[in-house]
Amino acid sequence: MIKMTNLPATSSFMACALTLSLSLPAMAADFRGPVRIVVPFAPGGTSDILARYIAPELSDAIGQPVIVENKAGAGGNIGADFVAKATPNGHTLLLSDLTALLAAPSVLTNISYDIEMDLAPVTMVSYSPYVMGASNAHGFESFDAFIDYSLENPLGISVATSGVGANNHITTARLMQELGVEWNVIAYRGGSDATRAVVSGESDMLLNGTTATLPFALNHQMTPLAVTGEERLTELPDVPTFRELGMPGELDGTYQGILVTAGSPPEIVERLHEELGRIINTEAMTARIAEQGGIARVSGSPEALGEWMSEQKTELAAFISDAGIAQ
Amino acid sequence: MDLLSNLALGIETAFTLENLLYCALGVTIGMFIGVIPGIGHLAAISMLLPLTFYVPATTAIVMLAGIYYGAQYGGSTASILLNLPGTPASAVVCLDGYPMAQQGRAGVALMMTTVASFVGSFITVIVLAAFAPPLASFAVAFNSTDYFSMMLLGLVAAAILVQGSPVKGIAAVLLGLILGLVGTDVSTGIQRYAFGLTFLYDGINIVAIAMGIFGVAEVIANVGKVKGVQSAQKITFRSLIPTRQDVKQSIMPMFRGTGIGTGVGILPGTGTSIASFLAYAVEKRISRHPAKFGKGAIEGITAPESANNAAAQSAFIPTLTLGIPGDAVMALMLGALLIHGITPGPNVISDNPSLFWGLVISFLIGNVLLLILNIPLVGLWVRLLKVPYPLLYPSIVLFIAIGVYSINYSHMDIMLVAVFGVLGCLMLLLGFEPAPLLLGYILGPMIEENFRRALMLNQGDMMVFVERPVSAAFIALSVLLLAWSAYSMVKDRRTARMAAGQ
Amino acid sequence: MNFLIKRDVLAGLMCLMVSALVLWEGQNYTQGTLQSMGPGYLPRVLGLGLAGCGLLIMLSALRSSEALPKLNVRAFCLVTLAILVFAFTLNWLGLFLATFLLVFISSLSEKRLRFRVTGLLALALCGLSYLIFIVGLNMPIRLFPWSF
C-alpha cells in the first residue's frame, strides 16, 4: 500500500544519513526515501492505469514506497515540466504518452523545458495501436470504399480528433498526405468526446486507441477499416493493417514510456531500467497491459529509448510544420 | 419478467456483506468530502482508487460511485451555513440557503436539502434501472447543434439568476464568458488570454473561481463583524424540523429539479452545475412570488439540490451503457473498470449484468444510508455556527487552499484562489453578483465550441440550428423565455412606477 | 470629484477596463466571420458587449447616488496575503509550517492577535488536515521542509 506518513520520511532521512556515512560506494544504486511516478494526465487514462499497475511492483523491488501523482494540464506538459525541474536524484519518474511530449515543442508555445536536455530516458513501457473506425452513417465496408468516397468528395468526410495537435490529429494529417485526400478535420475535447461524435454519426471517422474503439467495433456501432502496427489485432482478424494496405510504417499509435529528471545518477537510472524492465516483462504485467489494449515493449537500454525519442522528435517537428498543424 | 430477474440479480449482488460495507464506506467518505469546501470528489476518488485494487470490480465501483454521489449530498452544507459552496454545483444553493441560515432556519434548510438530495437521487436511480439503454441512445444522438442550443437556453437562464440590476447581471455573465475564453481554443489549438502561462493552457480551474468569488470574498466581508443573530440563537430540536408549509412548497420543485437533473445529467459533458443552475432559474421563473428568491425561498434550495443529485446519478447512464464518460469523474470510473479487466463499452451491461444491476441496487442502498446518516448530522453542522468566527475563518481559508491544491497538486491553483478572492471582493463592492458569472464561465466554452463545430460540420449553414428538432425546441424555448423576461421586466417597472406615483 | 467615487461609476469603469484588456489582447487572434469563426471572434463580441454594459452602468450612475460599501481593507490584504503565502510555501516548507503561516497571517485581520489561541488553532488544524488529507485520503503533500 502506498502511504505517506512523516514517520517513514524522518526515519528514512536518518537511515539515509547513516548509509551515507557507512558505505557510500556499495549502496550507490539504492533508493533513499519514497519514489514518485508523476502522471501528467488525469486519473483513469492509459498512463495513469499503467503507473498504478507498476507502482506496487516497483515498491516491492526497491523497498521504498512508490507514489503515483497526477499532475494534469497543457497536454502533459505541466507534469513533464515538474519532473524536468525536480531534484535530479532519480526519485521522480514521469510516465507519459511519449508522442504527445515529443510533439509538444512543435505544437505548443512556451514549453519551458527541453525533453532531450531536461529529461533522461529510462524505458518504454508499452505500445498501443490505433484502430481507424468509421461511423455507420455512410455504410462504408472497406478501407478502399472509404478512400474512394473521400477522393470523390473533397472535405465531404469529417474526421474527429481528440484535439488540435493530439496524436490522432497528427496521424490523420499523415494519412491525408499519404492518400492525397482532403478531409474536414474537426477537433473535439478529448478522445471520448470524439468517439461519441463518431458513434452518433456527427463525424464520419476517427483514429483512436483499441480500448476506446474495440467495444464499439465489436458491437457494430462503428466499422473498423484498418489498424496501425505490425500485425492484425486478434480481436479483429479481418481488419487489415495499414502496412498491408501499402502505407509506410510511420502511422503509429501511442507509446507510453518512463523518463526521469536529467542529471540523475546513472547507476540509479540503470537500476530503474533493470527493475522496470523485469516488472513489465512479467507474464502478469504483460497480460494486464494487453487487457487495456497495449503491447508491453521494454527498451533494450535507456540509450536506445533516447535515440528513438530524438529521431521521433525531429521527424515530428518536420512533419508538423510541413502539414501546418501548429498555429 | 426480465427486469425482475435483473433486479433479483442486483439485490443478490448488492446485499453481500463486502458490497454493503464498501457502499457504506464510500458514501460516508463522499458525504464528508462534499462538506469540505474546495476538495473535489475527483481528487478523493483518485486517491482512494488503489484501495479498490484488491476487491472485485463490482465492489470497487460500488465504493467509488458512493463517494461521487455521497459528495453531492454534502456540497450544500457549507453553502447554507457559511455562504461558500462545497462544490461549484452547490453555488446556487448559497442564494437562498444562506439567507435561511441568517433567519435562523439553517437546520430546516439542511434537513430539506438532504431530503431533496434523496428524492432526486432515488427517483433517478429508478429511471436508470428502467430506461437506461433507450435514454443512452437518446443522449448519444445529441450533437453539437443540440448542445449549442441547449447551452444557449442555459445562458438565458443565467439572466434569471440576477437579483439586482439587470445590466450589472449581464455584465457579470459576460465577465464569466470572458473568463471561459482563457486557455486552449479547442477548434484551433491556439492559447487565448493565457499570457504564456502554462497553468492556464487548460483554462482556469473552476473550483478556484468558485472558491475565490464565493468563499474568500465572503470570509473577507465577514471578518471583524460582530456576529449577531445566528450565534445567539438556541439550537433546539424544533428549530431543525421543517414546517408543513416548507414541505408543501418543496414537493413540486423537487420533482421538477429531478426531471431537469436527469435530463441534463445523461448528456455527456454537461455536469451537475448546469443542472442545479437551470433548476433554480426554472423555479424562480415559474414562481408566483419571484421576489422571495434570494431572501430564503425554500424552493431555491430544494430544486437545485434535487437536480444536482439527479444529474450525478444519471451521469452513470452514458458511462455504463455506452462507455462514454461525461466528465473526469466518470472517466475515472471507467479507468477503475479497466484496472479490473472490464473494458467499458456498449456491452458492459450484457457482459456483466451483475456489475450493472448490483451497482443500481447499491445506489438505492447508498442513498438510503445517506439519508439516515445525514439527518443526525444536521444538528452537528448547525453547531458549526456556534464556533466563534475568529477560529472559523482561518480554518475555512485553509481547507479551501488544501482542497483546491488537491485537484491538480498545483500551487498555482491556490494562487488563483487569492486572485479570484480579490475579484470577488471587487464584485461585492461594485454590486456584481457571483452566481451569473459562474454560470457564464461554465457555459461559455461549450457554447463557442459547439457553435463553431456545428458550423464547420455544416459548411457554415446557420439554418442547422432550427432544422434539427431538438435544437429548434431549445432555440424556441430560449426566445420565449427571453420575451417573457423582457415583458415581466417592463410590467414590473410599470407597477413600480405606478406604486411610486400614488 | 464626488461623481467619480459613486459605486456605479466605478463599476462601469471596471467593465470598460476589462473590456479594453480583452479587446487589446484579442487583436492577436484571427477573427473570421460568424459562419466560420476564428478564435478572435467571440472575444471581440464579448469585449464590445462588456464595454456597452459598462457605459450603461455609468449612465445609470447619473440617477443613482449609491456610495461604495465599506471594505475591511485589513482583512482583504491579510487574507489574500495568507493564501498567497500558503500557495508559495506549501511545496517548499511543507504542509505544517505553511498551515501555521496561513493561520497566523489571516488571524492578524482581527483587531488584536491572541497568540496562544491562534497557535492552538494552527496546531489543531495541522492535526485535522493531517488526518483528513494524509491519513484518510493518502494525498501526496509534503509535510516538513525535509520531507522528500
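**Strands, helices and a chain contact: a chat**

Modeller: Helix 7 (residues 167-179) of chain A lies across strand 5, strand 6 (158-161), strand 7 and strand 8 of chain A, at about 130 degrees to strand 8 of chain A. Bear in mind that this is a predicted model.

Colleague: Thanks! At about how many degrees to strand 8 of chain A does helix 8 of chain A run?

Modeller: Helix 8 of chain A covers residues 191-200. It lies across strand 5, strand 6, strand 8 and strand 9 of chain A. Its angle to strand 8 of chain A is about 140 degrees.

Colleague: Which strands are the edge strands of the open sheet in chain A?

Modeller: The open sheet has 5 strands in the order 7-6-8-5-9, with mixed pairing. Neighbouring strands in this sheet are turned by 30 degrees against each other on average, direction ignored. An edge strand here pairs on one side only, and that holds for strand 7 (184-187) and strand 9 (222-227) of chain A.

Colleague: Staying with that sheet, which residue stands opposite A:Gly133 in strand 8 of chain A?

Modeller: Strand 5 (residues 130-135) of chain A and strand 8 (residues 205-209) of chain A run antiparallel and are joined by 5 bridges. Opposite A:Gly133 in strand 8 stands A:Leu206.

Colleague: Now strand 10 of chain A: which residue in that strand is the bridge partner of A:Met124?

Modeller: Strand 10 (residues 254-261) of chain A is mostly covered, with 8 of its 8 residues buried. It pairs in the antiparallel sense with strand 3 (residues 92-97) of chain A over 5 bridges, and A:Asp97 stands opposite A:Gln256. Strand 4 (residues 119-128) of chain A also pairs with strand 10 in the antiparallel sense, over 8 bridges. In strand 10, the partner of A:Met124 is A:Gly257.

Colleague: On to chain B. Are helix 3 and helix 4 of chain B roughly parallel or roughly antiparallel to each other?

Modeller: Their axes come within 10 Å and cross at roughly 160 degrees. The crossing is right-handed. The cut-off for roughly antiparallel is over 145 degrees, so helix 3 and helix 4 of chain B are roughly antiparallel.

Colleague: How many nonpolar residues are on the side of chain B that touches chain C?

Modeller: The contact takes 51 residues from chain B and 53 residues from chain C. Among the elements of chain B that give two or more residues to this side are helix 3 (41-48) and helix 20 (434-457). This side has 5 charged and 8 polar residues, and its nonpolar residues number 38.

How values were computed
Residues numbered from 1 in each chain as written. Chains lettered and ligands numbered in written order. Predicted model: local features only at pLDDT ≥ 70, side-chain atom pairs only at ≥ 80, totals over all residues. Contact = placed C-beta atoms within 7 Å. Helix = DSSP H or I, 4+ residues; strand = E, 2+ residues; numbered from the N terminus. Nonpolar A, V, L, I, M, F, W, Y, C, P; charged D, E, K, R; others polar. Axes fitted to C-alpha atoms, helices over the stretch in contact; angles between N-to-C directions. Parallel < 35°, antiparallel > 145°, perpendicular 65-115°, else oblique. Left-handed = near helix turned anticlockwise from the far one by under 90°. Buried ≥ 20, exposed ≤ 12 C-beta atoms within 10 Å, placed from the backbone. Pairing = 2+ DSSP bridges.
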